[in-house]
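Me: I have a structure open and would love to talk through its binding sites with you. Could you take my questions one at a time?

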Amino acid sequence: LDRPRVLSGIQPTAGSFHLGNYLGAVRQWVALQESHDAFYMVVDLHAITVPQDPTALRANTRLAAAQLLAAGLDPERCTLFIQSHVPEHAQLAWVMNCLTGFGEASRMTQFKDKSAKQGADRTSVGLFTYPILQIADILLYQAHQVPVGEDQRQHIELTRDLAERFNGRYGDTFTVPAPYILKETGKVYDLQDPTVKMSKSASSAKGIINLLDEPKTSAKKIKSAVTDTDTVIRYDAEAKPGVSNLLTIYSTLTGESVTDLEKKYEGKMYGALKTDLAEIMVDFVTPFRDRTQEYLDDPETLDSVLAKGAEKARAVAAETLASTYERIGF
Ligand code: ADP
Ligand code: NA
């Protein structure tokens with residue numbers, strides 16, 4: 001109880017995690033399980049905001065859990081579970097829906113972007129209220145911090161507003177959470193268009209590194225990453241976004257500082273940096289793929305990890321929901 005609590009989630013829909021998911025979020029989840037009381041989940045309820053094939057959804061949900069274990073989550077050190085196994089998420093989400101203004105929900109930029117792409121008739125109301133389910137996800141666990149990428153900042157801000165609103169109206173009930181977003185890796189950029197974030201929905205095949213792809217494929221994508229017509233290997237996010245993105249990835253995967261990398265590659269060409277980073281990427285994804293496969297090949301262990309996780313999560317979630325209901329007058 002002394003350790004601060006963290007909560008975060010990842011969608012199962014893409015199959016493979018991409019490098020942005022890993023560097024922006026999952027890597028921090030692994031680190032925080034050592035110092036925090038950590039709750040991590042695969043958010044299958046969020047996944048159905050867009051149509052999903054049931055067989056594929058079930059398989060991808062397990063695949064996401066296997067990847068989280070492969071990335072280094074340890075069920076002895078954190079609580080790993082599937083969102084739909086804990087019905088309190090949907091129950092608290094209704095309460096939060098009723099406390100959120102239509103106007104403030106309408107200001108969520110991620111919804112505006114996604115719905116504009118899909119068109120109003122193909123956009124579900126669930127996609128609109130997605131951030132409100134996310135609010136329930138976080139508040140149920142009384143999380144102090146939420147390790148996510150920069151794209152989630154607005155949703156965490158809304159979560160804080162709603163926690164304060166509920167506490168103000170009904171009395172202290174929820175911990176007001178803070179975003180945990182690293183400056184360096186909060187936004188990993190597309191390899192072909194380094195001015196936009198790497199994303200499963202918007203990136204081209206060459207712009208995104210999927211961790212479960214053939215290692216050779218990922219190496220090739222690094223080698224053909226867009227840089228610039230200059231030749232100097234220097235971190236400058238504004239003027240040299242492509243090179244800077246590669247330096248960030250390199251630095252995060254190896255632990256070498258960007259300053260040290262600038263020195264190491266002084267007078268060298270972009271090709272040298274890319275060749276080395278491609279090799280680093282292969283060394284990173286190869287064991288990740290192998291470990292993911294090992295967890296998939298042992299369904300009993302995976303089931304048991306997820307069942308225990310759901311039980312631990314439900315104990316916390318049920319307590320929060322009960323006190324929330326009580327305060328509301330249920
Ligand atoms: P996506 O954003 O690709 O749809 P999710 O919504 O499941 O994937 O995001 C899972 C986590 O990965 C979130 O915390 C999100 O902020 C983070 N994330 C996604 N893309 C990036 C990126 N390009 N850079 C940093 N973090 C990212
Ligand atoms: Na998330």
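Me: Which helix gives the most to the lining of the second largest pocket?
Reply: Happy to help, and do keep in mind that this is a predicted model. The second largest pocket is lined by 19 residues, and Thr 248 is among the closest to its centre, along with Lys 183, Glu 184, Tyr 189 and Tyr 235. Six residues of the lining come from one helix, spanning residues 241-254, and that top contributor is helix H10.

Me: How much space lies in the second largest pocket, and which class of residue is most numerous in its lining?
Reply: The space in this pocket comes to about 390 Å³. Its lining has four charged and seven polar residues, against eight of the remaining class, which is nonpolar.

Me: Let's move on to the ligand. Which side chain has an N or O atom 2.4 Å from an oxygen atom of ligand 1?
Reply: Three contacts are worth a look here. A polar backbone atom of Gln 11 is 3.2 Å from a ligand 1 oxygen, and a side-chain N or O atom of Lys 200 is 2.9 Å from one. The 2.4 Å distance belongs to the side chain of Asp 151.

Me: How much of the accessible area of ligand 1 does the protein cover?
Reply: On its own, ligand 1 has 530 Å² of accessible area. The share of this that the protein covers is 95%.

Me: Which helix gives the most to the shell around ligand 1?
Reply: Around ligand 1 there are 18 residues, with His 18, Gly 149, Asp 151, Val 188 and Met 198 coming nearest. By class, the shell has nine polar, five nonpolar and four charged residues. Four of the shell residues come from residues 19-35, which form the leading contributor, helix H1.

How values were computed. Residues numbered from 1 in each chain as written. Chains lettered and ligands numbered in written order. Predicted model: local features only at pLDDT ≥ 70, side-chain atom pairs only at ≥ 80, totals over all residues. Heavy atoms only, no water. 1 Å grid on protein atoms, 1.4 Å probe; cavity = no way out; pocket = protein on both sides within 12 Å on 5 of 7 lines; lining within 4 Å. Points joined across faces, edges and corners; volume = space filled by probe spheres on them. Helix = DSSP H or I, 4+ residues; strand = E, 2+ residues; numbered from the N terminus. Nonpolar A, V, L, I, M, F, W, Y, C, P; charged D, E, K, R; others polar. Near = heavy atom within 4 Å. Polar contact = N/O pair within 3.5 Å; in protein donor to acceptor, adjacent residues only side chain to side chain. Areas by Shrake-Rupley, 256 points an atom, 1.4 Å probe, with all protein chains shown as cover.
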